[in-house]
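Q: Please take a close look at a single part of the model shown here, and set it against the rest of the chain.

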Amino acid sequence: MSRTKLLLDVISDVRSLADSLQAVADAMLENEPVEVASQTVPAEEPIVENLEEPAGIKLEDVRSEIDPEKYPALLKDAEMW
């Protein structure tokens with residue numbers, strides 16, 4: 001598949017997503033159930049429940065795992081991106 005074809009497929013998917021998001025937003029404004037992937041979900045119910053906070057990673061913990069002699073090489077690699 002050419003890159004152009006892949007890009008057109010992505011654009012089509014993004015447009016489809018935008019249409020779905022518009023339908024959800026409209027339903028939320030009207031406070032009606034939302035049709036999602038052949039399921040009816042009331043707009044007032046949260047779709048995701050009980051999100052857990054990810055385990056905290058401290059900068060000090062990361063730094064302690066990296067050999068200080070390798071810092072210049074890591075910084076050089078990071079600047080390339």
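The part to be looked at is helix α1 (residues 3-30).

A: This is a predicted model, in which local features need pLDDT of at least 70 and side-chain atom pairs count only at pLDDT 80 or more, while totals for chains, interfaces and linings use all residues. Residues are numbered from 1 along each chain as its sequence is written, and side-chain values use heavy atoms, with hydrogens and water left out.

The chain contains 3 helices and 2 strands, taken as DSSP runs numbered from the N terminus (helices H or I, at least four residues; strands E, at least two). Their order along the sequence is α-β-β-α-α. Mean pLDDT (the predictor's confidence in each residue, from 0 to 100) is 76 for the chain, with 69% of its residues at 70 or more. Helix α1 has the highest confidence, 89, and strand β2 (residues 39-41) the lowest, a mean of 55.

The length of α1 is as expected: at 1.5 Å a residue its 28 residues should span 40 Å, and the end C-alpha atoms are 41 Å apart, which agrees. The expected span is 1.5 Å times one less than the number of residues. After α1 comes N31, with a positive phi near 60°.

Within α1, the side chains of K5 and D9 form a salt bridge, 3.1 Å from N to O. The term means a side-chain nitrogen of Lys or Arg within 4 Å of a carboxyl oxygen of Asp or Glu, and by this rule the count is 1. K5 and D9 are 4 residues apart in α1, about one turn of the helix. Both ends of the bridge are partly exposed: D9 has a relative accessibility of 27%, and K5 has 39%. Partly exposed lies between buried (under 20% relative accessible area) and exposed (over 50%), with a 1.4 Å probe and protein chains only.

V10, also in α1, is partly exposed at 47%. Together with L7, L8, I11 and V14, V10 forms a nonpolar surface patch of about 440 Å² accessible area. Such a patch joins nonpolar side chains (Val, Leu, Ile, Met, Phe, Trp, Tyr) within 5 Å, from residues with over 30% relative accessible area and no salt bridge.

For the chain as a whole, the accessible surface is about 8,000 Å², 57% of it from carbon and sulfur atoms, by the Shrake-Rupley method with a 1.4 Å probe. Of the 81 residues, 2% are buried.

Methods: Patch = residues over 30% accessible without salt bridge, like charges linked within 9 Å, V, L, I, M, F, W, Y side chains within 5 Å.
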